[in-house]
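Please examine the sequence and the structure shown below. The paragraphs that follow treat charged pairs, backbone angles, a polar site and a surface patch in turn.

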Amino acid sequence: MKKLILLFTLSIGLMTFSSCSNNDDNNDTEIELSVVGGWSVGETTLNGEIITNQSITRLLSAENRAEFRYLIDVGDPSGELELRVLQANWTKNENILTIDFDNVDMGTKIYTVSELTSNSMTWESQILGEGILIETLTR
């Protein structure tokens with residue numbers, strides 16, 4: 001009987017130590033980062049050269065609406081800039097963002113998201129006749 005109790009105690013002890021693990025199954029869960037939110041435009045390059053850009057914010061709503069805000073030089077001798085707001089619909093397919101502007105002159109723009117973290121995003125687009133535009137955005 002003593003051997004049976006000893007064997008039972010040993011089994012319980014082994015199960016206790018072998019069932020504990022630092023390896024949780026949560027490691028397999030991949031978190032989908034979202035492009036939804038307000039973004040401030042940081043560094044902007046055109047064909048690898050840093051450019052000064054009057055583009056100031058990008059707003060992407062959960063309802064798939066977008067708002068691009070720009071400061072535009074209106075040609076005033078004082079150098080004043082005017083705020084212009086462009087509205088659009090947006091869709092995302094993997095790392096491709098398609099922005100379909102309400103203003104038909106703007107048309108549809110395609111952005112390839114090359115980096116996305118919880119507080120920054122880098123995307124690039126082809127500007128016809130000018131080259132590759134890369135913008136780094138922060139929340």
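With which residue does Arg69 form a salt bridge? The partner is Glu67, and the closest N and O atoms of the two side chains are 2.7 Å apart. The model examined here is a predicted one. Within this pair, Glu67 is buried because its relative accessible area is 16%, under the limit of 20%. Arg69, in turn, has a relative accessibility of 30% and is therefore classed as partly exposed.

The number of salt bridges in the model comes to 4. One of them joins Arg65 and Asp102, with 2.7 Å between the closest N and O atoms. Arg65 belongs to strand S4, residues 65–73, while Asp102 sits in the loop that runs between strand S6 (96–101) and strand S7 (108–116), so this pair ties together parts that are 37 residues apart in sequence. Both ends are partly exposed: Arg65 has a relative accessible area of 29%, and Asp102 has a relative accessibility of 43%. A further salt bridge is formed by the side chains of Glu82 and Arg84, at 2.8 Å from N to O. Here too the partners count as partly exposed, Glu82 at 35% relative accessibility and Arg84 at 40%. As a general matter, side chains of opposite charge can pair when their charged atoms come close.

The backbone offers a second point of interest. Most residues other than glycine have a negative phi. Which value does phi take at Asn47? The angle is near 55°, a positive value in a residue that is not glycine. Asn47 occupies the loop between strand S1 (37–46) and S2, and its relative accessible area of 47% makes it partly exposed. Asn64 likewise is not a glycine and has a positive phi, of about 65°. This residue is placed in the loop between strand S3 (55–60) and S4; with a relative accessible area of 31%, Asn64 is partly exposed.

From these loops the description passes to strand S9, residues 131–138, where Glu135 is found. Is Glu135 buried or exposed? Its relative accessible area is 1%, so Glu135 is buried. The side chain of Glu135 makes polar contacts with two other side chains: one with that of Arg58, at 2.9 Å, and one with that of Trp123, at 2.7 Å.

Glu49 provides a contrasting glutamate. This residue lies in strand S2, which spans residues 49–50, and it counts as exposed because its relative accessibility is 58%, over the limit of 50%. How far apart in space are Glu49 and Leu133? Their C-alpha atoms are separated by 9.5 Å, although the two residues are 84 residues apart in sequence.

The last feature is on the surface. Which residues make the nonpolar patch of about 220 Å²? The patch is made by Ile56, Leu83 and Val85. Of these, Val85 is placed in strand S5, residues 81–93, and has a relative accessibility of 37%, which means that Val85 counts as partly exposed.

Definitions and conventions. Residues are numbered from 1 along each chain as its sequence is written. This is a predicted model: local features need pLDDT of at least 70, side-chain atom pairs count only at pLDDT 80 or more; totals for chains, interfaces and linings use all residues. Side-chain values use heavy atoms; hydrogens and water are left out. Patches are made of residues with over 30% relative accessible area and no salt bridge: like charges are joined within 9 Å, nonpolar side chains (Val, Leu, Ile, Met, Phe, Trp, Tyr) within 5 Å. Accessible areas come from the Shrake-Rupley method with a 1.4 Å probe; for residues, only the protein chains shown count as cover. Helices (H or I, at least four residues) and strands (E, at least two) are DSSP runs, numbered from the N terminus. Buried means under 20% relative accessible area, exposed over 50%, partly exposed in between (1.4 Å probe, protein chains only). A polar contact is a pair of N or O atoms within 3.5 Å; within protein, one must be able to donate a hydrogen and the other to accept it, and residues adjacent in sequence count only if both atoms are side-chain atoms.
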